[in-house]
Amino acid sequence: MVEPKLRLRDLNRRFMLRDRAVDALAGISLDVAPGEFLSIVGPSGCGKTTMLRIVAGLETATSGTVEIMREPGSTRPLNAMVFQQESVFPWKNVRDNAAFGLKARGFGKRERYEMVQPILDKVGLRGFEDALPHQLSGGMKQRVAIARAFANDPEIMLMDEPFAALDEQTKLILQAELLRIWEESRKTVMYVTHSIDEAITLSDRVLVMSARPGRVKEIIDIKSAFPRPRDIAAVKSSPKYGEFFGRIWSLLRDEVMAASLVSA
Ligand SMILES: Nc1ncnc2c1ncn2[C@@H]1O[C@H](COP(=O)(O)OP(=O)(O)OP(=O)(O)O)[C@@H](O)[C@H]1O
Ligand SMILES: [Mg+2]
């Protein structure tokens with residue numbers, strides 16, 4: 001087995017709400033391979049966002065370890081995060097939003113613009129480079145956030161329900177675009193979603209989490225059934241797709257029920 005890109009060992013996170021302890025994550029151990037697309041599904045409140053934030057260094061674990069195997073001598077950023085809600089700067093135009101991380105890394109203006117243009121083209125933003133976020137639709141703003149993340153060329157990409165706020169059709173288009181861009185770059189991705197469909201069509205493996213405290217319930221291998229590059233329509237019409245869907249839903253259903261009983 002190749003060395004993983006990311007290794008989580010016995011990760012725990014406890015939050016204190018007044019005098020009450022809330023265990024968000026309990027004993028998460030997980031390896032993510034270099035260039036792997038891993039989706040994470042689990043009931044609301046099971047600690048998905050917390051896990052991503054810990055990997056991103058935005059949150060600390062109560063105990064356990066996170067190891068990211070960096071490329072030797074790399075000057076690339078460790079990670080880039082794309083959030084569910086708009087994470088673009090409202091005062092910057094599309095081009096400058098996409099180039100933001102490159103600016104922080106010291107690239108000059110011309111160089112930055114040259115680097116982001118092909119990515120803006122790929123996510124369908126050609127012609128909108130000078131637009132400000134308020135002049136864009138919700139889907140276009142998420143495209144800007146995705147373009148920025150890819151332009152940054154991070155070692156690991158962390159995506160937290162990036163398409164959740166979008167309508168169904170826009171979501172389908174962006175899924176296909178994400179798949180295409182990812183298949184070219186083969187970045188290591190951790191992708192949180194509530195959509196079983198999205199998890200199957202995009203991922204190499206799907207991690208199903210238990211209700212809070214979040215644990216690894218099962219990891220399902222999708223990759224061997226659907227090699228790359230993928231044709232989304234072919235994936236969805238395959239009998240295997242239905243099998244995966246049924247399997248993931250049966251694992252998830254119990255946990256969603258458990259989560260709703262806990263919070264009731
Ligand atoms: N900063 C915080 N302070 C206290 N509790 C927190 C904090 N952040 C998260 N939690 C708690 O940790 C648990 C997990 O939250 P988290 O946001 O990681 O869940 P999630 O799986 O991303 O849920 P969703 O699917 O709804 O986005 C929840 O019970 C939440 O209340
Ligand atoms: Mg969340």
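This is a short dialogue on reading a few local features of a predicted model.

User: Let's start with helix packing. At what angle do H4 and H5 pack?

Analyst: For a pair like this, look at the angle and the axis distance together. Helix H4 (residues 109-122) and helix H5 (residues 138-151) pack at about 135°, and their axes are 9 Å apart. Angles from 115 up to 145 degrees fall in the oblique class, so H4 and H5 are oblique to each other. Their crossing is right-handed.

User: Which residues make the contact?

Analyst: H4 brings Met115, Val116, Ile119 and Leu120, while H5 brings Ala147, Phe150 and Ala151. By class, that's seven nonpolar, no polar and no charged.

User: Now a strand. Are the two faces of S5 covered or open?

Analyst: With a strand, check each side in turn. In S5 (residues 79-82), Asn79 and Met81 are buried on one side, and Ala80 and Val82 are buried on the other, so both faces are covered. S5 also pairs with strand S6 (residues 156-160) in the parallel sense, over four bridges. Asn79 has Ile156 as its bridge partner there.

User: And the backbone oddities? Where is the cis bond before Pro213?

Analyst: Omega is what to check here. The bond from Arg212 to Pro213 is cis, with omega near -5°, and Pro213 sits in the loop between strands S8 and S9. Arg228 to Pro229 is cis too, with omega near -10°; Pro229 lies in the loop between S9 and helix H8.

User: What about phi at Asp10?

Analyst: Asp10 isn't a glycine, yet its phi is positive, about 45°. Asp10 lies in strand S1 and is partly exposed, with 13 other C-beta atoms within 10 Å.

Note on methods:
Residues numbered from 1 in each chain as written. Chains lettered and ligands numbered in written order. Predicted model: local features only at pLDDT ≥ 70, side-chain atom pairs only at ≥ 80, totals over all residues. Axes fitted to C-alpha atoms, helices over the stretch in contact; angles between N-to-C directions. Parallel < 35°, antiparallel > 145°, perpendicular 65-115°, else oblique. Left-handed = near helix turned anticlockwise from the far one by under 90°. Contact = placed C-beta atoms within 7 Å. Nonpolar A, V, L, I, M, F, W, Y, C, P; charged D, E, K, R; others polar. Buried ≥ 20, exposed ≤ 12 C-beta atoms within 10 Å, placed from the backbone. Pairing = 2+ DSSP bridges.
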